[in-house]
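Could you walk me through this protein model in plain language? I'd like to follow along while I look at it.

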Amino acid sequence: MGIAGNLNPNQLEFFNTEGYLVLESFASADEIRSLRSRMEQLLDEFDFSSKASIFSTTNQQQTTDDYFFESAEKISFFFEEKAFDDDGNLKQPKQLSINKVGHALHEHDPIFKSFTSSEKALSLLCSLGYKRPVVIQSMYIFKQPGIGGEVVPHQDNSFLYTDPPTCTGLWLALEDATITNGCLWAIPRSHKDGLVRRFIRDETGVHFDKPSPSYDQKDFVPIEVKAGSLVAIHGDLIHQSFENKSCTSRHAYSLHVVDTDGCKWVEDNWIRRKVDPEPLYAS
(Lines give C-alpha, C1' and ligand atoms only; values in the text may rest on other atoms or scores of the structure.)
Protein backbone atom coordinates (compact mmCIF):
# COMPACT_ATOMS: atom_id res chain seq x y z
CA MET A 1 0.00 0.00 0.00
CA GLY A 2 1.51 3.33 -1.02
CA ILE A 3 1.41 5.65 1.98
CA ALA A 4 3.27 8.97 1.90
CA GLY A 5 4.13 10.98 5.01
CA ASN A 6 2.40 14.33 5.51
CA LEU A 7 4.67 16.00 8.08
CA ASN A 8 7.25 18.53 6.97
CA PRO A 9 10.84 18.55 8.29
CA ASN A 10 10.13 21.31 10.83
CA GLN A 11 7.20 19.38 12.28
CA LEU A 12 9.25 16.20 12.53
CA GLU A 13 12.09 18.05 14.18
CA PHE A 14 9.73 19.56 16.76
CA PHE A 15 8.20 16.17 17.54
CA ASN A 16 11.58 14.49 17.88
CA THR A 17 12.97 17.32 20.01
CA GLU A 18 10.00 18.18 22.24
CA GLY A 19 8.23 14.81 22.33
CA TYR A 20 4.87 16.06 21.06
CA LEU A 21 3.38 17.89 18.11
CA VAL A 22 0.14 19.84 17.65
CA LEU A 23 -1.52 19.58 14.25
CA GLU A 24 -4.23 22.22 14.04
CA SER A 25 -7.43 21.55 12.06
CA PHE A 26 -6.53 17.88 11.64
CA ALA A 27 -10.23 16.95 11.77
CA SER A 28 -12.92 18.87 9.95
CA ALA A 29 -16.07 20.22 11.56
CA ASP A 30 -18.05 17.47 9.81
CA GLU A 31 -15.72 14.77 11.16
CA ILE A 32 -15.99 16.15 14.69
CA ARG A 33 -19.77 16.28 14.40
CA SER A 34 -19.88 12.70 13.09
CA LEU A 35 -17.72 11.29 15.91
CA ARG A 36 -19.62 13.15 18.63
CA SER A 37 -23.02 12.25 17.20
CA ARG A 38 -22.08 8.57 17.00
CA MET A 39 -20.94 8.60 20.62
CA GLU A 40 -24.26 10.15 21.65
CA GLN A 41 -25.99 7.20 19.97
CA LEU A 42 -23.74 4.67 21.69
CA LEU A 43 -24.43 6.25 25.07
CA ASP A 44 -28.17 6.29 24.46
CA GLU A 45 -28.03 2.56 23.69
CA PHE A 46 -25.81 1.72 26.68
CA ASP A 47 -27.67 -0.11 29.46
CA PHE A 48 -25.62 0.04 32.64
CA SER A 49 -28.20 -1.55 34.94
CA SER A 50 -26.31 -4.84 35.06
CA LYS A 51 -22.74 -3.56 35.06
CA ALA A 52 -20.92 -0.40 36.09
CA SER A 53 -17.15 -0.12 36.01
CA ILE A 54 -15.17 2.87 37.26
CA PHE A 55 -11.98 4.16 35.67
CA SER A 56 -9.32 5.86 37.74
CA THR A 57 -5.67 6.66 37.15
CA THR A 58 -5.15 7.42 40.84
CA ASN A 59 -6.45 4.03 42.00
CA GLN A 60 -5.83 1.69 39.08
CA GLN A 61 -5.00 -1.51 40.92
CA GLN A 62 -8.27 -1.46 42.84
CA THR A 63 -10.53 -0.47 39.94
CA THR A 64 -9.09 -2.82 37.30
CA ASP A 65 -11.44 -5.78 36.90
CA ASP A 66 -12.50 -8.39 34.34
CA TYR A 67 -14.69 -5.83 32.59
CA PHE A 68 -11.59 -3.68 32.07
CA PHE A 69 -9.47 -6.58 30.82
CA GLU A 70 -12.17 -7.71 28.39
CA SER A 71 -12.54 -4.18 27.00
CA ALA A 72 -9.36 -4.64 24.96
CA GLU A 73 -11.44 -6.16 22.15
CA LYS A 74 -14.81 -4.55 22.88
CA ILE A 75 -16.61 -1.24 23.22
CA SER A 76 -16.93 -0.77 26.97
CA PHE A 77 -18.11 2.09 29.19
CA PHE A 78 -16.33 3.40 32.28
CA PHE A 79 -17.77 5.81 34.82
CA GLU A 80 -16.15 8.70 36.65
CA GLU A 81 -15.22 8.01 40.26
CA LYS A 82 -17.34 10.92 41.43
CA ALA A 83 -20.41 9.94 39.39
CA PHE A 84 -22.04 7.93 42.20
CA ASP A 85 -23.47 8.84 45.59
CA ASP A 86 -22.85 6.90 48.81
CA ASP A 87 -25.63 4.46 47.93
CA GLY A 88 -24.14 3.64 44.54
CA ASN A 89 -26.65 5.64 42.51
CA LEU A 90 -25.71 8.03 39.72
CA LYS A 91 -25.88 11.66 40.77
CA GLN A 92 -26.71 12.82 37.24
CA PRO A 93 -27.63 11.36 33.82
CA LYS A 94 -25.31 8.68 32.44
CA GLN A 95 -24.31 11.00 29.57
CA LEU A 96 -22.68 13.28 32.18
CA SER A 97 -21.25 10.44 34.28
CA ILE A 98 -19.08 8.47 31.85
CA ASN A 99 -15.30 8.90 32.05
CA LYS A 100 -14.48 7.13 28.80
CA VAL A 101 -15.51 4.53 26.26
CA GLY A 102 -12.86 2.05 25.09
CA HIS A 103 -10.85 0.24 24.05
CA ALA A 104 -11.78 -1.04 20.57
CA LEU A 105 -13.98 1.67 19.07
CA HIS A 106 -11.63 1.72 16.08
CA GLU A 107 -12.40 -1.95 15.36
CA HIS A 108 -16.11 -2.31 16.04
CA ASP A 109 -17.71 1.00 15.14
CA PRO A 110 -17.72 2.06 11.48
CA ILE A 111 -17.61 5.81 12.19
CA PHE A 112 -14.61 5.60 14.48
CA LYS A 113 -12.97 2.99 12.26
CA SER A 114 -13.29 5.25 9.24
CA PHE A 115 -11.55 8.16 10.93
CA THR A 116 -8.86 5.93 12.44
CA SER A 117 -7.93 4.47 9.06
CA SER A 118 -8.26 7.74 7.12
CA GLU A 119 -5.55 8.65 4.67
CA LYS A 120 -4.36 11.58 6.79
CA ALA A 121 -4.02 9.38 9.88
CA LEU A 122 -2.05 6.77 7.94
CA SER A 123 0.14 9.46 6.40
CA LEU A 124 0.92 10.82 9.85
CA LEU A 125 2.00 7.39 11.05
CA CYS A 126 4.12 6.96 7.95
CA SER A 127 5.84 10.27 8.72
CA LEU A 128 6.56 9.03 12.24
CA GLY A 129 8.33 5.99 10.83
CA TYR A 130 5.75 3.23 11.31
CA LYS A 131 6.23 0.24 9.02
CA ARG A 132 3.34 -2.01 10.10
CA PRO A 133 1.28 -0.05 12.64
CA VAL A 134 -1.65 -1.32 14.65
CA VAL A 135 -4.00 0.65 16.87
CA ILE A 136 -3.70 -1.21 20.14
CA GLN A 137 -6.41 0.81 21.88
CA SER A 138 -8.86 3.63 21.23
CA MET A 139 -10.77 5.74 23.73
CA TYR A 140 -13.45 8.41 23.66
CA ILE A 141 -12.69 10.59 26.68
CA PHE A 142 -15.33 12.94 28.09
CA LYS A 143 -13.64 14.94 30.88
CA GLN A 144 -17.07 15.67 32.29
CA PRO A 145 -17.98 19.10 33.70
CA GLY A 146 -17.36 19.29 37.43
CA ILE A 147 -16.33 15.65 37.89
CA GLY A 148 -13.89 14.94 35.04
CA GLY A 149 -11.13 12.98 36.74
CA GLU A 150 -7.43 13.73 36.97
CA VAL A 151 -5.01 11.75 34.80
CA VAL A 152 -1.77 11.53 36.73
CA PRO A 153 1.66 12.02 35.14
CA HIS A 154 2.50 9.00 33.01
CA GLN A 155 4.15 7.66 29.86
CA ASP A 156 2.11 5.69 27.32
CA ASN A 157 4.92 3.15 26.86
CA SER A 158 4.39 2.12 30.49
CA PHE A 159 1.02 0.59 29.61
CA LEU A 160 1.48 -0.42 25.97
CA TYR A 161 5.00 -1.80 25.77
CA THR A 162 6.73 -3.31 22.78
CA ASP A 163 10.35 -4.46 22.64
CA PRO A 164 11.77 -2.09 21.51
CA PRO A 165 9.22 0.59 22.57
CA THR A 166 7.11 1.99 19.71
CA CYS A 167 3.95 3.52 21.20
CA THR A 168 2.66 6.89 20.01
CA GLY A 169 -0.49 8.56 21.30
CA LEU A 170 -2.77 10.43 18.89
CA TRP A 171 -5.11 12.70 20.86
CA LEU A 172 -7.85 14.44 18.87
CA ALA A 173 -9.67 17.33 20.53
CA LEU A 174 -13.40 17.14 19.81
CA GLU A 175 -13.98 20.28 21.88
CA ASP A 176 -11.66 23.15 22.75
CA ALA A 177 -9.21 21.97 25.41
CA THR A 178 -8.17 24.72 27.84
CA ILE A 179 -6.45 25.05 31.19
CA THR A 180 -9.92 25.61 32.67
CA ASN A 181 -11.53 22.39 31.45
CA GLY A 182 -8.59 20.00 31.77
CA CYS A 183 -6.28 20.22 28.75
CA LEU A 184 -3.17 18.09 28.39
CA TRP A 185 0.05 19.13 30.14
CA ALA A 186 3.48 17.76 29.26
CA ILE A 187 7.13 18.04 30.23
CA PRO A 188 8.83 18.95 26.94
CA ARG A 189 11.82 16.76 26.05
CA SER A 190 11.11 14.34 28.91
CA HIS A 191 10.91 11.52 26.35
CA LYS A 192 14.68 11.76 25.99
CA ASP A 193 15.11 10.36 29.53
CA GLY A 194 13.56 7.01 28.54
CA LEU A 195 10.92 4.86 30.16
CA VAL A 196 10.56 5.30 33.91
CA ARG A 197 8.38 2.30 34.85
CA ARG A 198 5.99 -0.28 33.46
CA PHE A 199 2.42 -1.29 34.27
CA ILE A 200 2.54 -5.08 34.61
CA ARG A 201 -0.20 -7.69 34.49
CA ASP A 202 0.56 -10.99 36.24
CA GLU A 203 -1.20 -13.66 38.30
CA THR A 204 -1.90 -11.13 41.08
CA GLY A 205 -3.58 -8.60 38.79
CA VAL A 206 -1.99 -5.35 37.65
CA HIS A 207 0.68 -3.19 39.25
CA PHE A 208 3.59 -0.91 38.47
CA ASP A 209 7.05 -2.43 38.64
CA LYS A 210 8.44 0.71 40.31
CA PRO A 211 7.02 3.62 42.34
CA SER A 212 6.19 6.83 40.53
CA PRO A 213 8.89 9.49 40.48
CA SER A 214 7.95 12.88 41.87
CA TYR A 215 7.53 15.60 39.27
CA ASP A 216 7.88 19.34 39.62
CA GLN A 217 4.68 20.88 38.30
CA LYS A 218 6.67 23.89 37.13
CA ASP A 219 8.22 21.66 34.45
CA PHE A 220 4.86 20.98 32.78
CA VAL A 221 3.50 23.19 30.00
CA PRO A 222 -0.19 23.31 29.01
CA ILE A 223 -1.18 22.12 25.55
CA GLU A 224 -4.29 24.19 24.88
CA VAL A 225 -5.86 23.36 21.52
CA LYS A 226 -8.96 24.09 19.50
CA ALA A 227 -11.49 21.43 18.53
CA GLY A 228 -10.17 19.51 15.54
CA SER A 229 -6.53 19.75 16.59
CA LEU A 230 -4.55 16.55 17.00
CA VAL A 231 -1.72 16.12 19.49
CA ALA A 232 0.86 13.43 18.66
CA ILE A 233 2.55 12.21 21.85
CA HIS A 234 5.82 10.25 22.02
CA GLY A 235 5.42 7.08 24.07
CA ASP A 236 8.03 8.19 26.62
CA LEU A 237 6.74 11.76 27.07
CA ILE A 238 5.59 12.57 30.61
CA HIS A 239 2.10 14.04 30.36
CA GLN A 240 -1.01 14.50 32.49
CA SER A 241 -4.31 16.35 32.80
CA PHE A 242 -6.04 17.82 35.82
CA GLU A 243 -9.59 17.47 37.08
CA ASN A 244 -12.22 19.38 35.16
CA LYS A 245 -13.83 21.63 37.74
CA SER A 246 -15.40 23.87 35.11
CA CYS A 247 -18.91 23.72 33.67
CA THR A 248 -17.57 22.82 30.20
CA SER A 249 -16.74 19.30 29.01
CA ARG A 250 -13.58 18.41 27.08
CA HIS A 251 -14.32 15.55 24.70
CA ALA A 252 -11.44 13.85 22.89
CA TYR A 253 -10.79 10.76 20.77
CA SER A 254 -7.53 9.08 21.67
CA LEU A 255 -5.61 6.38 19.81
CA HIS A 256 -2.49 4.50 20.82
CA VAL A 257 -0.46 3.00 18.02
CA VAL A 258 2.40 0.49 18.15
CA ASP A 259 4.49 -1.01 15.39
CA THR A 260 4.54 -4.72 14.62
CA ASP A 261 7.57 -4.62 12.35
CA GLY A 262 10.85 -5.49 14.04
CA CYS A 263 9.41 -5.43 17.55
CA LYS A 264 7.43 -7.64 19.92
CA TRP A 265 4.25 -7.06 21.94
CA VAL A 266 5.32 -7.95 25.48
CA GLU A 267 3.20 -10.63 27.15
CA ASP A 268 2.90 -8.96 30.56
CA ASN A 269 1.07 -5.91 29.18
CA TRP A 270 -2.46 -5.47 30.54
CA ILE A 271 -3.89 -5.93 27.02
CA ARG A 272 -3.97 -9.60 26.09
CA ARG A 273 -5.91 -10.07 22.91
CA LYS A 274 -7.40 -13.33 21.66
CA VAL A 275 -7.13 -12.10 18.08
CA ASP A 276 -4.20 -10.03 16.86
CA PRO A 277 -5.17 -6.59 15.58
CA GLU A 278 -5.05 -5.94 11.86
CA PRO A 279 -2.28 -3.58 10.74
CA LEU A 280 -3.41 -0.26 9.27
CA TYR A 281 -0.92 -0.78 6.46
CA ALA A 282 2.30 -2.64 5.72
CA SER A 283 5.12 -0.81 3.99
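Arginine 33 and aspartate 30 are both exposed, and their side chains meet in a salt bridge, with 2.4 Å from N to O. Keep in mind that you're looking at a predicted model. Arginine 33 and aspartate 30 sit three residues apart in helix H2 (residues 29-45), so about one helical turn separates them.

Stay with helix H2 for a moment, and look for arginine 36. Its side chain meets that of glutamate 175 in another salt bridge, at 3.4 Å from N to O. This pair ties together distant parts of the chain: arginine 36 belongs to helix H2, while glutamate 175 lies in the loop between strand E8 (168-173) and strand E9 (184-186), 139 residues apart. Are the two partners buried or exposed? Glutamate 175 has 14% relative accessibility, so it counts as buried, because the cut-off is under 20%. Arginine 36, at 26%, counts as partly exposed.

Now try a pair that is 166 residues apart: arginine 273, in the segment after E16, and glutamate 107, in helix H5 (residues 105-108). Their side chains form a salt bridge too, at 2.9 Å from N to O. Arginine 273 is buried, with a relative accessible area of 18%, whereas glutamate 107 is partly exposed at 23%. There's also a third member here: salt bridges with shared partners join Glu73, Glu107 and Arg273 into one network. Across the whole structure, a search finds 12 salt bridges.

Next, on to a sheet. Strands of a sheet pair through backbone hydrogen bonds, and they can do so in a parallel or an antiparallel way. Here, four strands make an open sheet in the order E6-E14-E9-E12, with antiparallel pairing. Why do E6 and E12 each have one side without a neighbour in the sheet? Strand E6 (151-154) and strand E12 (221-223) stand at the edges and each has a single partner strand, so one side of each is left free of a neighbour in the sheet. From one strand to the next, the twist averages 25 degrees. To see one pairing up close, find E6 and strand E14 (residues 239-241), which are joined by two bridges. Valine 151 has serine 241 in E14 as its bridge partner.

Last stop: the second largest pocket, which holds about 320 Å³ of space. It is lined by 18 residues, and the closest to its centre are Ile136, Thr260, Trp265, Asp276 and Pro277. Strands E5 (133-141), E15 (252-259) and E16 (264-265) each supply at least two residues of the lining. By type, the lining has nine nonpolar, two polar and seven charged residues.

Notes: Residues numbered from 1 in each chain as written. Predicted model: local features only at pLDDT ≥ 70, side-chain atom pairs only at ≥ 80, totals over all residues. Heavy atoms only, no water. 1 Å grid on protein atoms, 1.4 Å probe; cavity = no way out; pocket = protein on both sides within 12 Å on 5 of 7 lines; lining within 4 Å. Points joined across faces, edges and corners; volume = space filled by probe spheres on them. Nonpolar A, V, L, I, M, F, W, Y, C, P; charged D, E, K, R; others polar. Pairing = 2+ DSSP bridges. Axes fitted to C-alpha atoms, helices over the stretch in contact; angles between N-to-C directions. Salt bridge = Lys/Arg side-chain N within 4 Å of Asp/Glu carboxyl O. Buried < 20%, exposed > 50% of the residue type's maximum accessible area, 1.4 Å probe, protein only.
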